[in-house]
Structure formats: C-alpha cells, structure tokens
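Me: I'm new to reading protein structures, and I would like to look closely at one part of this one. Could you walk me through helix H2 and its surroundings, step by step?

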Amino acid sequence: MSAPARTLVRLVRWYQRDLSPRKPAPTCRFTPSCSQYAAEAVERHGALKGGWLATWRVVRCNPLVPGGFDPVPEEWPRRHPSPDSSSPSRRPPSRKSP
C-alpha cells in the first residue's frame, strides 16, 4: 500500500476510534458503514481510486438514497462498453434523394 493510502486509512481509523463514538446514534444508511467502506476502498484500490469510491459513497449517504448493503467492488468499476460506431443506432440517418 502506498504512503498516501496508508495515511488515508489512518485518518479513517482515527475517525472511527475517536470521533464516531461521540455521535449520539449510528447514522450510516449503508452496510458496511461509510467509514469502513472508505478504509476498505483505499486498502483495495489505492488512495486515488479508493478515495474516489469513498467520496462517492459519502455523497450518496443522504435521505434521497435508500441505503442498504453496498460492498466495496472487488475490481475498479469499468465503464459500459460504448456501442460500435458501425451499429445502425449510431449511424447518421441516410438521406434519400427525391
């Protein structure tokens, strides 16, 4: 694990140990908790990608999202393959001569 990743994990562990217990009640909408997710994401994917996953998770932690079970992905999420440019749906409409 890189030095930035270790630093981020230490910050999350500090939060879990010193700040989180001071909250009046558990507030995370997800399982695992957002802080546990952040630590796992950084350990598994590194500081940049894991940090992005953790940030996205915290952004989604709001009343408009139902929450629930949301584990850290085993592999970095891949974008959906773009449609082939030769497929009929991607070709510009052909012009018919009058």
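Reply: Happy to! Let's begin with the overall layout: from the N terminus on, the elements of the protein chain run α-β-α-β. That makes two helices and two strands. Please keep in mind that this is a predicted model. Of the 98 residues in the protein chain, buried ones make up 22%. The chain exposes about 7800 Å², and carbon and sulfur atoms supply 59% of that area. Here is one more number for the whole chain: among contacts between residues at least 6 apart in sequence, 68% join residues at least 24 apart.

Now to your helix. Helix H2 covers residues 34-60. Just ahead of it comes a loop between strand S1 (30-31) and H2, and Pro32 lies in that loop. Look at the bond between Thr31 and Pro32: this peptide bond is cis, with omega at about -5°.

Step into the helix and you meet Ser35, which is found in H2. Is Ser35 buried or exposed? Its relative accessible area is 15%, and because buried means under 20%, Ser35 counts as buried. What does Ser35 touch, if we leave aside its neighbours within four places in sequence? The answer is Val12, Tyr15 and Gln16.

Further along, the surface gives us something else to look at. Trp52, Trp56 and Val59 make a nonpolar surface patch of about 360 Å². Let's pick out Trp56, whose place is in helix H2. With 45% relative accessibility, Trp56 counts as partly exposed.

The charged residues come next. Side chains of opposite charge can pair when their charged atoms come close. A search of the whole structure finds five salt bridges, and two of the pairs described here involve H2. In one of them, the side chains of Arg57 and Asp70 meet at 3.7 Å, N to O. Arg57 lies in helix H2 and Asp70 in the segment after strand S2 (68-69), so this pair ties together parts that are 13 residues apart in sequence. How covered are the two partners? Arg57 is buried, with a relative accessible area of 0%, and Asp70 is buried too, at 17%.

Asp70 has another partner as well: its side chain meets that of Arg60 in a salt bridge of 2.8 Å, N to O. Since Asp70 lies in the segment after S2 and Arg60 in helix H2, this pair ties together parts that are ten residues apart in sequence. Like Asp70, Arg60 is buried. Put the two pairs together and you have a network of salt bridges linking Arg57, Arg60 and Asp70.

For contrast, try a salt bridge with other residues. The side chains of Asp18 and Arg17 meet at 3.4 Å, N to O. Here Asp18 is partly exposed, with a relative accessible area of 26%, while Arg17 is exposed, at 56%.

To retrace the path through H2, start at Ser35, in contact with Val12, Tyr15 and Gln16. Then find Trp56 in the nonpolar patch with Trp52 and Val59, and finish at Arg57 and Arg60, both linked with Asp70 in the salt-bridge network.

Definitions and conventions
Residues are numbered from 1 along each chain as its sequence is written. This is a predicted model: local features need pLDDT of at least 70, side-chain atom pairs count only at pLDDT 80 or more; totals for chains, interfaces and linings use all residues. Side-chain values use heavy atoms; hydrogens and water are left out. Patches are made of residues with over 30% relative accessible area and no salt bridge: like charges are joined within 9 Å, nonpolar side chains (Val, Leu, Ile, Met, Phe, Trp, Tyr) within 5 Å. Accessible areas come from the Shrake-Rupley method with a 1.4 Å probe; for residues, only the protein chains shown count as cover. A salt bridge is a side-chain nitrogen of Lys or Arg within 4 Å of a carboxyl oxygen of Asp or Glu. Helices (H or I, at least four residues) and strands (E, at least two) are DSSP runs, numbered from the N terminus. Buried means under 20% relative accessible area, exposed over 50%, partly exposed in between (1.4 Å probe, protein chains only). Contact means heavy atoms within 4.5 Å.
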